[in-house]
Amino acid sequence: MEIKVDGHLFLMVYPDHYRNTAELITKTEMMVDYAADSHDLIIDLDKVDFTQMRKQSEYDNLARTNLDAKTATVKFQPFLSKIYKISYSADVLCYLHDALGNEIDMRGKIPDIKVTQALMDADEFVFRQACRALSFWNAGDKNGKYRAVVAMSQGEISKNDFIKRIKKIIREENAVASWISIKLTETTISTMNSVAERNIKMLGDMKSSIIVDKFGSGYGDLDRILSLPVSQINIDIDILRLAFESEKMRIVAQGIVNLFHDISIFVCATDIETENDKKMAEELGCDYLIGDYMGVPMADSSYVKFIDAYFEEN
């Protein structure tokens, strides 16, 4: 007979880890959630980022409040194309509002792997809003020129009914799957389960492509990436900046761009914030550039006017 015992051990010391009973209860609850996702039997509390965990909890509550009150909004950030200088594609981003009405940019605030139900619901909200906008802009043309990129969390794409819900939204909004690309981080793809992998391949069958975000920022599984319907790689901004400072890193960055070009995958430089970022991305031969330096996120009506004005003037 075999007996398997599952458990975790962590020790809280007063006053290093808590200063009162309320803080002890709060941190204990946080540690229970943390332990559920940890592979370590013994957890060193001094290495746990409680501040980040608290922020994630606050964003979760904020997302639920915004979704229930219908105050969450989406904005569209244009891509710069190497060929046309601008394209009809946009990154679709979620913005929440706090109790004072201040707008909160959610970029970089959602973890790659552990995501709550409220944040997953926010993913679905953004996807629906993108479908609705594209349906209006493309006016029923299945080959319409406007396209969108929507980020998804690992939790969302790992659901058994993910494809069913995506198809339902597309149908209800009179959109076309090929209009939308799903953006997943390198870490999400490399650590996802078999359900998520199946869902991604089914998206490919629907003619919806996959964009790998933050490539080079974490643990990557190139074999898995190449087995999926990936159309574009977003190279991490840190790689560009290191390439600007070091000739050796420039060779590495150039090798990454050449590797994906050789297998017909586009390369995009993201989070472009300075002229140096832009210059390095162009010198490496990136197909697309995106970032606040190239164009800030804007409301749907402003985005269309921005794109139309650009092509009319050029």
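**View 1. Strand 3 and strand 5 lie side by side in this predicted model.** Let us start with a pair of strands: strand 3 (residues 89-97) runs parallel to strand 5 (residues 147-151), and four bridges link them. Two of the matched positions are easy to look up. V92 has V150 of strand 5 as its bridge partner, and A90 is partnered by A148 of strand 5. How many residues of strand 3 are buried? Seven of the nine are, and strand 3 is mostly covered.

**View 2. Strand 3 also pairs with strand 1.** Strand 1 (residues 73-78) and strand 3 run antiparallel, joined by six bridges. To find your place here, look for P78, which stands opposite A90 in strand 3. You have met A90 before, as the bridge partner of A148 in strand 5.

**View 3. Strand 3 and strand 4 form a hairpin.** Strand 4 covers residues 103-105, and three bridges join it to strand 3 in the antiparallel sense. H97 of strand 3 faces a partner in strand 4, namely E103. Between the two strands of the hairpin there are five residues. Which residue of this hairpin takes a positive phi? G101 does, with a value near 90°.

**View 4. Strand 5 pairs with strand 6.** Strand 6 (residues 180-185) runs parallel to strand 5, again with four bridges between them. V150 is a handy landmark in this view. On one side V150 is the bridge partner of V92, and V150 also stands opposite I182 in strand 6.

**View 5. Strand 7 pairs with strand 6 and with strand 8.** Strand 6 and strand 7 are parallel and share four bridges. I182, seen in the previous view opposite V150, has I210 as its bridge partner in strand 7. Strand 7 is also parallel to strand 8 (residues 230-235), with four bridges joining the two. Here F215 stands opposite I235 of strand 8. Why is strand 7 described as largely enclosed by the rest of the structure? Five of the six residues in strand 7 (residues 210-215) are buried, so the rest of the structure largely encloses it.

**View 6. Helix 5 packs against helix 7.** Helix 7 spans residues 194-205, and its axis lies 10 Å from that of helix 5, at an angle of about 35°. Helix 5 brings F162, I163 and I166 to the contact, while helix 7 brings N199, M202 and L203. Sorted by class, the contact of helix 5 with helix 7 has five nonpolar residues, one polar residue and no charged ones.

**View 7. R165 sits in helix 5.** Helix 5 covers residues 162-172, with R165 among them. Is R165 buried or exposed? R165 has a relative accessible area of 17%, so it counts as buried, the cut-off being under 20%. Apart from neighbours within four places in sequence, R165 is in contact with E124, E156 and K159.

**View 8. Helix 10 and helix 11 meet at an angle.** Helix 10 (residues 247-262) and helix 11 (residues 275-284) have axes 10 Å apart and an angle of about 55°. The two helices are therefore oblique to each other. On the helix 10 side you will find R250, A253, Q254 and V257, and they meet M280, E283 and L284 of helix 11. This contact of helix 10 with helix 11 is made up of four nonpolar, one polar and two charged residues.

**View 9. K70 and K207 are lysines with a positive phi.** K70 is not a glycine, yet its phi is positive at about 60°. You can find K70 in the loop between helix 2 (50-69) and strand 1. With a relative accessibility of 73%, K70 counts as exposed. K207, also not a glycine, has a positive phi of about 70°. The loop that holds K207 lies between helix 7 and strand 7. K207 is exposed too, at a relative accessible area of 63%.

**View 10. A step back shows the whole protein.** The secondary structure comprises twelve helices and ten strands. The protein has 314 residues, and 46% of them count as buried. The accessible surface is about 17000 Å², with 52% of it belonging to carbon and sulfur atoms.

Definitions and conventions
Residues are numbered from 1 along each chain as its sequence is written. This is a predicted model: local features need pLDDT of at least 70, side-chain atom pairs count only at pLDDT 80 or more; totals for chains, interfaces and linings use all residues. Side-chain values use heavy atoms; hydrogens and water are left out. Buried means under 20% relative accessible area, exposed over 50%, partly exposed in between (1.4 Å probe, protein chains only). Accessible areas come from the Shrake-Rupley method with a 1.4 Å probe; for residues, only the protein chains shown count as cover. Two strands pair if DSSP finds at least two bridges between them. Axes are lines fitted to C-alpha atoms, for helices over the stretch in contact, and angles run from 0 to 180 degrees between N-to-C directions. Angles under 35 degrees count as roughly parallel, over 145 as roughly antiparallel, 65 to 115 as roughly perpendicular and the rest as oblique. Contact means heavy atoms within 4.5 Å. Ala, Val, Leu, Ile, Met, Phe, Trp, Tyr, Cys and Pro count as nonpolar, Asp, Glu, Lys and Arg as charged, and the others, Gly among them, as polar.
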